[in-house]
Amino acid sequence: MNAIITVVGSDKVGIIAKTSAFLAKHSINIADITQTILSGNFVMMMMVSLDSADISIDELRNGLKELSEEMQVEINVMNEKVFSAMHRV
């Protein structure tokens, strides 16, 4: 199963490092990643594979919620199928 993770917030040191370290700790592979700075705001989108993960998608959401509060950014997780269905033209 794949998921889409988005991270948005004020740019600061360590956002990518802390997010990717959390994912690696739980055997979640980053399949694709893009990030940019828009008007001083950090914006990142990742496609991740949960096939080898040692946590469920709900536990992933909860863990990233705690991390988002620590880093003062917004992190969202969505099942790739739901994301694709929402953005189908």
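Ser-49 sits in strand E3 of this predicted model. Its relative accessibility is 15%, under the 20% cut-off, so Ser-49 counts as buried. The side chain of Ser-49 is joined to that of Asp-51 by a polar contact of 3.4 Å. Leaving out residues up to four places away in sequence, Ser-49 touches Met-1, Asn-2, Ile-28 and Asn-29. One of these contacts reflects strand pairing: Ser-49 is the bridge partner of Asn-2 in E3.

That bridge belongs to the pairing of E1 with E3, which is antiparallel and runs over 9 bridges. On the pairing of E2 with E3, the sense is again antiparallel, with 9 bridges; here Asp-32 has Met-47 as its bridge partner in E3. E1 also pairs with E4, in the antiparallel sense and over 6 bridges. Two of the partners in E4 can be named: Asn-76 for Thr-6, and Val-77 for Ile-5.

Put together, these pairings give an open sheet of 4 strands in the order E2-E3-E1-E4, with antiparallel pairing. Strand E2 (29-38) and E4 are the edge strands, each pairing on one side only. Direction ignored, neighbouring strands of the sheet are turned by 15 degrees against each other on average.

Val-43 gives another view of E3, the strand in which it is placed. With a relative accessible area of 27%, Val-43 lies between the 20% and 50% limits and is therefore partly exposed. Its C-alpha atom is separated by 5.8 Å from that of Val-7, although the two residues are 36 residues apart along the chain. Beyond residues up to four places away in sequence, Val-43 touches Val-7 and Val-8, together with Thr-34, Gln-35, Thr-36 and Leu-38.

The edge strand E4 shows how the two faces of a strand can differ. In a regular strand, side chains alternate between the two faces of the sheet. The covered face of E4 carries Ile-75, Val-77 and Asn-79, while Glu-74, Asn-76 and Met-78 are on the uncovered one.

Next come the helices. H1 lies across E1, E2 and E3, and runs at about 20 degrees to E3. H2 packs on the sheet and touches E1 and E4; the direction of H2 makes about 165 degrees with that of E4.

Which residues of H1 are buried? They are Ile-15, Thr-19, Phe-22 and Leu-23. Seen down the axis of H1, these buried residues fall within an arc of 100 degrees, so they line one face of the helix. They pack against E1, E2, E3 and H2. The face of H1 turned away from the buried side carries Ala-24 and Lys-25, which are exposed.

After the helix comes the loop between H1 and E2, where His-26 is found. His-26 has a relative accessibility of 13%, under the 20% cut-off, and so counts as buried. Not counting residues up to four places away in sequence, His-26 touches Ser-52, Ala-53, Asp-54 and Ile-55. Ser-27, which also follows H1, has a positive phi, near 60 degrees.

The helices and strands can now be read together through the largest nonpolar core, which has 21 residues. Within this core, Ile-5, Val-7, Leu-23, Val-48, Leu-60 and Leu-64 touch the most other members. Two or more residues each are given by strand E1 (2-10), helix H1 (15-25), strand E3 (41-49), helix H2 (57-71) and strand E4 (74-79). H2 gives the largest share, 5 residues.

What does Ile-5 contact beyond its neighbours within four places in sequence? One of its contacts is Leu-23, a residue already met among the buried ones of H1. Ile-5 is also in contact with Met-44, Met-45, Met-46 and Val-48, with Leu-60 and Leu-64, and with Ile-75, Asn-76 and Val-77. Of these, Val-77 is the bridge partner of Ile-5 in E4, and both Ile-75 and Val-77 belong to the covered face of E4.

Technical notes:
Residues numbered from 1 in each chain as written. Predicted model: local features only at pLDDT ≥ 70, side-chain atom pairs only at ≥ 80, totals over all residues. Heavy atoms only, no water. Core = buried A, V, L, I, M, F, W, Y, C linked by side-chain atoms within 4.5 Å. Buried < 20%, exposed > 50% of the residue type's maximum accessible area, 1.4 Å probe, protein only. Contact = heavy atoms within 4.5 Å. Pairing = 2+ DSSP bridges. Axes fitted to C-alpha atoms, helices over the stretch in contact; angles between N-to-C directions. Polar contact = N/O pair within 3.5 Å; in protein donor to acceptor, adjacent residues only side chain to side chain. Arc of directions from axis to C-beta.
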